[in-house]
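Hi,

Here is the structure I promised to pass on. Have a look at it first, and then read my notes underneath.

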Amino acid sequence: MNCELKNSLRPLTGEGRKLFIETYGCQMNVGDTEIVVSILQQEGYRYTEQIAEADVILINTCSIRDNAEQRIWGRLSEMRRFRKAKPSLIIGIIGCMAERLKERLTEGRDAVDVVAGPDAYRDLPRLLREAEAGGHGVNTLLSTEETYAEIAPVRLDKNGVSAFIAIMRGCNNYCSYCVVPYTRGIERSRDPETIVREARELFANGYKEVTLLGQNVNSYRFGEVNFPELMRRVAAINPALRVRFATSHPKDISDELLEVMASHENICRTIHLPAQSGSSAMLKRMNRKYTREWYLERVAAIRRYMPDCAITTDLIAGFSGETEEEHRETLSLMREVGYEFAYMFKYSERPGTFASKHLPDDISEELKTARLQEIIELQNELSMESNRRDIGKEFSILVEGTSKRRKDQLFGRNSQNKVVVFDAADGVKVGDYVRVRVSDCTPATLLGKRIE
Ligand code: SAH
Ligand code: SF4
Ligand code: F3S
């Protein structure tokens, strides 16, 4: 009804044209894609999962490491081939690469029809119009205010149980290796009322878990409302709504936040706390603003408040000047903390960052690979040990779906974010909470039995 009314007032840019979006990079990008779909549906575009029927293809891109960008360049040339068969097809690059590589993407043989940076999505209807008129639609302005606060994202992942809510954008930390502050602009927080409203609506629509998202969620602040207060408000919506958050910077893991977590059972017992390195000298070169000792003290504080809290991390192997000793310190930190899980990367120099100008990328590819391999092997051991420790324990599991391997099994996650697989039973469905006792494990999964 609404749509027809709007149609009669002014022509919509989209006019039923089909939109396909492919998303790379972090959860922030996944969330942004849902905002882009929402903005463009308002304009009459129709979202499709079939690339073959698309009139507009957008690629939401990531610049975090060179290999992320290389993959996307490869994908872009495939899409250009699609265009040979359908010359009216519009191809756009949005997200972090659009921001970082605007010149290359607007001129010469790599040029695409539309280039939109992460703060320019409200402008997409106009940019697409320009492209459809035969020109280029380009907007890579970064904003100090844009949070897309009142735009209701179109939820594209269909599980209907767990959703992400972006609570802030940008990053002010300028870790010396990282491109994010340049592609995403400065930090800004979203009005807490719009966040709580979104979470409440999700819960009313059957969702049982929300993850509050930002590059640095725990530096959230909107007026008087800081991150612990925001968590309090979201957790108060309903005890049956689980609340998670990512990613926290170790420097901002306050006792106040740990207290709020400990006093709400529905705030999940897991903290993603990227260490990057176990060496204080290296952390200084990385501009991480904490030392190994500070980090370990925060880990001890987490354990004091919540002995059952899982701790996960990100680690970089082979950053500028990394000595063998510094690498060993990363391995010893991993052992000392006993991470449940880690994302592990080889350092990739990013143009424009402090490191690219002042800290040489001087660790050979072979050494980076060897060190990363050691880190991965150690983490596999630690994950397996952590899973073994869970055998015999009982957990409350939020059911997310049917196991990919066996149709007669369901899977879900415990509060610690570990995947638990168990036998399906009559009456148990996606979105239910069930109690499960762990009987066995693999390095990546817990296997359990339902407790009636
Ligand atoms: N804001 C989050 C993470 C952002 S990017 C945080 O600070 O924790 C995700 C991860 O990518 C980082 O934690 C880091 O481990 C890794 N990363 C960032 N820049 C990188 C680079 N230039 N090379 C390799 N890994 C990088
Ligand atoms: Fe990058 Fe550091 Fe910001 Fe994380 S905190 S996004 S690693 S600059
Ligand atoms: Fe990548 Fe941008 Fe996210 S660089 S990791 S998509 S903020």
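Below is what turned up, starting with the ligands and ending with the backbone. Keep in mind that this is a predicted model.

Ligand 1 first. It has 15 residues around it, and the closest are Gln215, Pro274, Gln276, Asp314 and Ser348. By type, that shell splits into 6 nonpolar, 4 polar and 5 charged residues. Two strands, E15 (310–317) and E16 (341–346), each contribute at least two residues to the shell. As for polar contacts, Gln276 puts a polar side-chain atom 2.6 Å from an oxygen atom of ligand 1, and Asp314 also has a polar side-chain atom 2.6 Å from an oxygen atom of the ligand. On the backbone side, a polar atom of Tyr177 sits 3.1 Å from a nitrogen atom of ligand 1. On its own, ligand 1 would expose 540 Å², and the protein buries 89% of that.

Next, ligand 2. Its surroundings are Cys171, Asn173, Tyr174, Cys175, Tyr177, Cys178, Val180, Pro181, Gln215, His249 and Arg288. That makes 7 nonpolar, 3 polar and 1 charged. Gln215 turns up here as well as by ligand 1.

Ligand 3 has Gln215 in its shell too, along with Cys26, Asn29, Thr61, Cys62, Ser63, Ile64, Cys96, Val180 and Arg184. The split for ligand 3 is 5 nonpolar, 4 polar and 1 charged.

On the surface, Tyr174, Tyr182 and Ile186 make a nonpolar patch of about 270 Å². Tyr174 is also one of the residues around ligand 2. Ile186 belongs to the loop between helix H7 (180–184) and strand E9 (188–189). Why can Ile186 be part of a patch? Patch residues need over 30% relative accessible area, and Ile186, which is partly exposed, has 38%.

Now for the backbone. Most non-glycine residues have a negative phi, and most peptide bonds are trans. Some spots here go the other way:

- Gln276, the ligand 1 contact, has a positive phi near 70°. This residue is in the loop between strand E14 (270–272) and helix H11 (280–285), and is buried at 7% relative accessible area.
- Tyr148 has a positive phi of about 50°. Its loop runs between strand E6 (137–139) and strand E7 (162–166), and at 1% relative accessibility Tyr148 is buried.
- The Ala246 to Thr247 peptide bond is cis, with omega near 0°. Thr247 lies in the loop between strand E13 (242–246) and helix H10 (255–262).

Cheers

Notes:
Residues are numbered from 1 along each chain as its sequence is written. Chains are lettered from A and ligands numbered from 1 in the order in which they are written. This is a predicted model: local features need pLDDT of at least 70, side-chain atom pairs count only at pLDDT 80 or more; totals for chains, interfaces and linings use all residues. Side-chain values use heavy atoms; hydrogens and water are left out. A residue is near a molecule or strand if one of its heavy atoms lies within 4 Å of it. Ala, Val, Leu, Ile, Met, Phe, Trp, Tyr, Cys and Pro count as nonpolar, Asp, Glu, Lys and Arg as charged, and the others, Gly among them, as polar. Patches are made of residues with over 30% relative accessible area and no salt bridge: like charges are joined within 9 Å, nonpolar side chains (Val, Leu, Ile, Met, Phe, Trp, Tyr) within 5 Å. Accessible areas come from the Shrake-Rupley method with a 1.4 Å probe; for residues, only the protein chains shown count as cover. A salt bridge is a side-chain nitrogen of Lys or Arg within 4 Å of a carboxyl oxygen of Asp or Glu. Helices (H or I, at least four residues) and strands (E, at least two) are DSSP runs, numbered from the N terminus. Buried means under 20% relative accessible area, exposed over 50%, partly exposed in between (1.4 Å probe, protein chains only). A polar contact is a pair of N or O atoms within 3.5 Å; within protein, one must be able to donate a hydrogen and the other to accept it, and residues adjacent in sequence count only if both atoms are side-chain atoms.
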